[in-house]
Amino acid sequence: MAEFPSQTPDLFSSYQMGRFKLSHRVVLAPMTRCRAINGIPQPANVEYYVQRATPGGFLITEGTLISPTGAGFPHCPGIYTQEQILAWKKVVGAVHAKGSVIFCQLWHVGRASNQVYQPGGTASPISSTGKAISGRWRILMPDGTYGKYPKPRPLQASEIPEIVQQYCQAAENAIEAGFDGIEIHGAHGYLIDQFLKDGINDRTDEYGGSITNRCKFLMQVVQSVATAIGPDRVGVRISPAIDHLDAMDSDPLDLGLTVIKKLNGLQRAFGQKLTYLHVTQPRYTAYGQTESGQHGSEDEETRFMRSWRRAYEGTFVCSGGYTRELGMEAIANGDADLVSYGRLFISNPDLVLRFMVKSALNRYIRATFYTQDPIIGYTDYPFLGQQHGNDGRRARL
């Protein structure tokens with residue numbers, strides 16, 4: 001019998017992600033949207049995720065708070081109360097009805113908060129450090145203005161097991177809500193990343209100093225969560241080379257490799273792989289593409305990502321400024337198994353279809369990313385064959 005060469009995979013090839021059979025490789029990236037009023041997912045959240053769901057697709061929710069101390073934006077959803085769990089059930093049920101897989105991203109912002117977001121409105125945010133985020137960055141306040149980040153309170157070592165338990169309980173709550181799994185947010189300058197990066201972590205105890213010590217908090221969270229809900233329902237997101245919110249490290253390549261080595265070790269100990277590792281491309285910033293040279297050359301960025309990809313023993317998801325063409329290239333070259341898209345998915349609910357047919361894309365409107373309007377800038381971006389109506393809602397052509 002004649003042998004035929006295997007087809008080169010692309011964004012539209014099927015993929016077996018652990019227990020989950022995906023029909024394509026275009027993933028909805030987790031993105032803060034500030035529409036869960038008072039921390040409770042609303043009907044608008046249901047519509048938003050359903051719009052972006054496809055048969056065999058994979059969605060990751062916006063950062064979802066593990067505790068009342070975890071917020072750094074207004075109206076972010078939580079997963080630590082029964083009311084939140086019940087509200088998320090409606091989102092998950094509707095997404096499953098469309099045939100998609102959906103994971104809940106577990107989030108604690110750490111020092112990237114403000115007293116106004118803390119219980120009682122007066123407590124200092126918690127972190128690995130007592131250093132505040134620099135004036136280069138501003139925090140979005142509940143009234144829509146921007147303020148300074150305050151000095152955080154460094155966690156005592158004796159307090160850290162309680163935070164680990166909050167991640168574990170949040171994961172169990174997510175499974176109760178019907179989610180297929182969870183993603184641990186260990187990236188972008190938030191709490192876990194504040195322990196990982198030596199540009200932030202100035203501790204002298206068992207959680208600071210060496211790379212091994214700085215990785216300890218993340219590994220405790222992964223171990224606890226994977227034990228509670230199963231490794232095959234757990235994804236981990238890291239961003240070793242991203243400087244968002246002053247999250248800088250002196251050796252990002254080695255930091256990423258060390259985290260990956262430890263994750264590989266946990267997988268072997270469990271005798272089962274995690275669902276995936278999700279890594280942000282160094283070119284990403286919160287404000288779009290970095291300027292040339294800000295994070296080093298493109299060759300260096302590619303070297304970092306490929307080194308991490310080769311080292312990780314499991315499904316590798318990449319994100320950060322990918323276009324259709326860059327995503328196709330990453331899959332074809334074996335640089336990633338899946339590619340997650342953020343801003344393009346905000347403005348194109350049917351992004352998968354548009355990529356497939358090579359359609360033009362809607363442009364996103366940054367000014368409406370973090371408003372509380374349940375429609376404008378959230379569920380009113382048109383699908384192919386539709387246009388905006390005068391009232392901001394979609395109108396069919």
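Across this predicted model, the pLDDT averages 93 for the protein, and 92% of the residues score at least 70. Over residues 1-5, however, the pLDDT is below 50, and this stretch has 0 contacts in the model beyond near neighbours in sequence. Residues 389-397 also have a pLDDT below 50, although that stretch has 26 contacts in the model beyond its near neighbours in sequence.

With this in mind, we can turn to helix α3, which runs over residues 160-176 and so has 17 residues. From its first C-alpha to its last, α3 reaches 25 Å, which is close to the 24 Å expected at 1.5 Å a residue. Several residues of α3 are buried, among them Ile160, Ile163, Val164, Tyr167 and Cys168, and the list of buried residues also includes Gln166 and Asn173. What covers these buried residues includes the helices α2 (82-97), α4 (191-196) and α5, together with the strands β5 (101-107), β6 (126-127) and β10 (181-186). After α3 comes glycine 178, whose phi is positive, near 105°.

Helix α5, which helps to cover α3, also leads us to a pair of helices. Two packed helices are described by the angle between their axes and the distance between those axes. For α5 (residues 211-229) and α6 (residues 252-270), the axes come within 10 Å and cross at roughly 35°, and the crossing is right-handed. On the α5 side, the residues that meet α6 include Ile211, Leu218, Met219 and Val222, while on the α6 side they include Leu255, Val259, Leu263 and Phe270. By class, this contact of α5 with α6 has 11 nonpolar, 4 polar and 3 charged residues.

Conventions
Residues are numbered from 1 along each chain as its sequence is written. This is a predicted model: local features need pLDDT of at least 70, side-chain atom pairs count only at pLDDT 80 or more; totals for chains, interfaces and linings use all residues. Side-chain values use heavy atoms; hydrogens and water are left out. Axes are lines fitted to C-alpha atoms, for helices over the stretch in contact, and angles run from 0 to 180 degrees between N-to-C directions. Helices (H or I, at least four residues) and strands (E, at least two) are DSSP runs, numbered from the N terminus. A crossing is left-handed if the near helix is turned anticlockwise from the far one by less than a right angle, and right-handed if clockwise. Contact means heavy atoms within 4.5 Å. Ala, Val, Leu, Ile, Met, Phe, Trp, Tyr, Cys and Pro count as nonpolar, Asp, Glu, Lys and Arg as charged, and the others, Gly among them, as polar. pLDDT is the predictor's confidence in each residue, from 0 to 100. The expected span of a helix is 1.5 Å times one less than its number of residues. Buried means under 20% relative accessible area, exposed over 50%, partly exposed in between (1.4 Å probe, protein chains only).
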